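Reader: Please take one part of this model and go through its surroundings closely, with the cut-offs stated as they come up.

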Amino acid sequence: MKAVVIRKFGAPEGLEVVDLPVPVPAPGQVRIAVEAIGVGGVDAVIRRGTLAAHGFREGHLLGSEVAGRVTTVGEGVDRSWTGRRVWAFTGLAGGYAEQAVAAVEDVLPLPDGLTGADAVTLGGSGVVAHFALDRARLAPGEAVLVRGAAGSIGITAVQLAARIGAGAVAVTTSSAERGARLRDLGATHVLDRSGEGGPSAPSGFDVVLDVVGGPRLPHFLDMLHPNGRFIAVGVVGGHPPADFGMRLMDAFRRSLSFATFSSDTVPGPDRQAVRTSQFAEAANGDLRTAVHEVLPLDQAASAHRKMDAGEVFGRIVLTP
């Protein structure tokens, strides 16, 4: 089968299309004929070699979520899964391929009316947005800033924050066109990437949801109100300065909170329950997704170049 692996860490040109054996589902797994593959920010972080210290090696088969049809089930799996259209989490490997395997507890049937492209745009990111806002205890009337809101996590978070009744839903983004699209989704204020939004922008925030990280993270910590909560859900812009915690200590009397959040810490059944609800909402139009572009699998490097250049609004989807 055709697949895309990391031949060399670094630039997108290090991705390579290869032929691999079709995977055989282990006990408790299903095999899926892939129709859509989500290209996520974590894929770019792995590709760059940022997580090499955590066991990722060159030769790694990228991809964490796919949609398609179950063709084979492993030992112990109900055969009624065979032939069903599903979304699946494949871990942090195995998705950039024509065939993928996943544990059956990480598989969900897709509702009628939801495309595979929409499913892989929402499946992983929607859960992060939901539980991160829950962890932040965002309450009606509070002001929230979604930093890096043009990605799939941010797009969902903006909609959920507006639904909660936030008093202000601010976003950082790179252009007026993107800002207009985010306003259409529920944003009330648009800031540039540095956090500047002119005289009408809120003076501070109760919650900052940060997808970016990177060297400017401490600046956004400073934008919190007293008792403000900062939730880091990604590092697509790189790691923050090693001494960023000093910003918290310097603001000791403001009682600020900083937390990282990974959906890995949420029990599987809880993740799947939220995902099922969000898929149903997306199918009936109550929750919107943003598929930036659909590209063939062998153009994975092009998809990563677009991500690195900051050109993507929502998510790029690959198809075998």
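Reader: At what angle do H2 and helix H7 pack, and how far apart are their axes?

Author: This is a predicted model, in which local features need pLDDT of at least 70 and side-chain atom pairs count only at pLDDT 80 or more, whereas totals for chains, interfaces and linings use all residues. Residues are numbered from 1 along each chain as its sequence is written, and side-chain values use heavy atoms, with hydrogens and water left out.

H2 and H7 (residues 268-283) pack at about 125°, and their axes are 9 Å apart. Helices here are DSSP runs of H or I with at least four residues, strands are runs of E with at least two, and both are numbered from the N terminus. The axes are lines fitted to C-alpha atoms, for helices over the stretch in contact, and the angles run from 0 to 180 degrees between N-to-C directions. H2 and H7 are therefore oblique to each other (under 35 degrees is roughly parallel, over 145 roughly antiparallel, 65 to 115 roughly perpendicular, the rest oblique). Their crossing is right-handed; that is, the near helix is turned clockwise from the far one by less than a right angle, anticlockwise being left-handed.

On the H2 side, the contact (heavy atoms within 4.5 Å) with H7 is made by Ala119, Leu122, Gly123, Gly124, Gly126, Val127, His130 and Phe131. H7 supplies Asp270, Arg271, Val274, Arg275, Gln278, Phe279 and Ala282. By class these residues are 7 nonpolar, 5 polar and 3 charged, where Ala, Val, Leu, Ile, Met, Phe, Trp, Tyr, Cys and Pro count as nonpolar, Asp, Glu, Lys and Arg as charged, and the others, Gly among them, as polar.

H2 (residues 116-136) also meets helix H3 (residues 152-164): their axes come within 8 Å and cross at roughly 45°. H2 and H3 are therefore oblique to each other as well, and this crossing too is right-handed. From H2 the contact takes in Thr121, Leu122, Ser125, Gly126, Val128, Ala129, His130 and Leu133. From H3 it takes in Ser152, Ile153, Thr156, Ala157, Leu160, Ala161 and Ile164. The set divides into 9 nonpolar, 6 polar and no charged residues. Leu122, Gly126 and His130 of H2 appear in the contacts with both H3 and H7. An α-helix has 3.6 residues a turn, so residues three or four places apart point the same way.

The remaining neighbour to describe is a sheet. H2 lies across strands S11 and S12 (224-232), running at about 150° to S12. S11 and S12 belong to an open sheet of 6 strands in the order S10-S9-S8-S11-S12-S13, with parallel pairing; two strands pair if DSSP finds at least two bridges between them. At the edges stand S10 (189-191) and S13 (257-260), each with a single partner strand, so one side of each has no neighbour in the sheet. From one strand to the next the twist averages 15°.

Within this sheet, S11 (residues 205-210) pairs with S8 (residues 143-147) in the parallel sense over 4 bridges. One bridge partnership sets leucine 145 with valine 208 in S11.

In short, H2 packs obliquely on H3 and obliquely on H7, and lies across S11 and S12 of the sheet.
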